[in-house]
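Q: I would like to learn how to read a protein model one feature at a time. Could you take me through this one?

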Amino acid sequence: GACLKDTNNVSHVLNNEKSDFQLFPNPLFGGDLTIVFPEDAVFFTVFDITGREILQNNVHESELIIENQLFRNNGVYLLKVNTIGGSCVQKLVVFK
């Protein structure tokens with residue numbers, strides 16, 4: 001995944017694992033998805049490949065399980081996590 005950090009209104013791509021988040025399993029084959037958030041995560045959003053928002057919520061815990069029913073179709077989804085210092089996006093592939 002790519003992480004962006006805002007510095008003086010310029011976005012920089014970071015390879016900082018502390019700000020990155022984990023998705024597993026990926027690809028997702030019919031089970032539930034687990035997201036492990038970075039310490040500074042505040043908000044997350046799930047998009048389908050067309051950019052339609054299908055879930056958004058505040059981050060309250062370090063780990064979250066999303067039920068498979070959220071992903072209605074096979075395909076690629078994007079998960080964006082907003083942190084105190086910027087945001088990270090990762091791609092998820094779903095097979096129903």
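Q: Let me begin with a single residue: where is the place of Arg52?

A: Happy to start there, and please keep in mind that this is a predicted model. Arg52 sits in the loop that links S6 to strand S7, the latter covering 53-58. Leaving aside residues up to four places away in sequence, Arg52 touches Val46 and Phe47.

Q: How far apart are Arg52 and Leu78, in sequence and in space?

A: Along the sequence, 26 residues separate Arg52 and Leu78, while their C-alpha atoms are 9.9 Å apart in space. For the whole protein, among contacts with a separation of 6 or more, 52% are between residues 24 or more positions apart.

Q: Stepping back, how many helices and strands does the protein have?

A: The count is zero helices and 10 strands. Read along the sequence, that gives β-β-β-β-β-β-β-β-β-β.

Q: Now the pairing, please. In which sense do S6 and strand S9 pair, parallel or antiparallel?

A: S6 and S9 (residues 75-83) are antiparallel, with seven bridges between them. If you want a pair of residues to find on screen, Ala41 stands opposite Thr83 in S9.

Q: How many bridges join S9 to strand S10?

A: There are nine bridges between S9 and S10 (residues 86-95), and the two strands run antiparallel. They form a hairpin, with two residues between the strands. Two partner pairs help to trace it: Thr83 is bridged to Gly86 in S10, and Leu78 is bridged to Lys91 in S10.

Q: Which strand runs parallel to S10?

A: Strand S4 (residues 28-29) does, joined to S10 by two bridges. Here Phe29 stands opposite Phe95 in S10.

Q: What is the strand order in the open sheet of three strands?

A: The order is S3-S5-S8, and the pairing is antiparallel. Strand S3 (22-24) and strand S8 (63-66) are the edge strands, since each pairs on one side only. On average, neighbouring strands of this sheet are turned by 20 degrees against each other, with direction ignored. Looking at one of the pairings, strand S5 (residues 33-36) and S8 are held in register by four bridges, and Ile35 stands opposite Leu64 in S8.

Q: How should I think about side chains along a strand, and why does Thr45 count as buried?

A: The general idea is that side chains in a regular strand alternate between the two faces of the sheet. As for Thr45, it belongs to strand S6 (residues 41-48). Its relative accessibility is 4%, and because buried means under 20%, Thr45 counts as buried. Across the 96 residues of the protein, 31% count as buried.

Q: Which residues does Thr45 touch, not counting those up to four places away in sequence?

A: Thr45 touches Glu53, Leu55 and Gln56, and also Leu78, Leu79 and Lys80. Among these, Leu78 is the residue we met earlier as the bridge partner of Lys91.

Q: Next, empty space. What volume does the largest pocket have?

A: The general trick is to roll a probe the size of a water molecule over the atoms, which shows where empty space is left. In this model, the largest pocket has a volume of about 160 Å³.

Q: Which residues line the largest pocket?

A: The lining consists of Asp48, Ile49, Thr50, Arg52, Ile54, Leu70, Arg72, Asn73, Asn74, Gly75, Val76 and Tyr77. You will recognise Arg52 in that list. By class, the lining has five nonpolar, four polar and three charged residues. S9 supplies the largest share, three residues.

Q: Last topic: the backbone. Which peptide bond leading to Pro25 is cis?

A: In general, most peptide bonds are trans, so a cis one is worth a look. The bond from Phe24 to Pro25 is cis, with omega near -5 degrees. Pro25 is found in the loop between S3 and S4.

Q: And what is omega near for the bond from Asn26 to Pro27?

A: For that bond omega is near 10 degrees, and it is cis as well. Pro27 has its place in the loop between S3 and S4.

Definitions and conventions:
Residues numbered from 1 in each chain as written. Predicted model: local features only at pLDDT ≥ 70, side-chain atom pairs only at ≥ 80, totals over all residues. Heavy atoms only, no water. Buried < 20%, exposed > 50% of the residue type's maximum accessible area, 1.4 Å probe, protein only. Contact = heavy atoms within 4.5 Å. Pairing = 2+ DSSP bridges. 1 Å grid on protein atoms, 1.4 Å probe; cavity = no way out; pocket = protein on both sides within 12 Å on 5 of 7 lines; lining within 4 Å. Points joined across faces, edges and corners; volume = space filled by probe spheres on them. Nonpolar A, V, L, I, M, F, W, Y, C, P; charged D, E, K, R; others polar. Axes fitted to C-alpha atoms, helices over the stretch in contact; angles between N-to-C directions.
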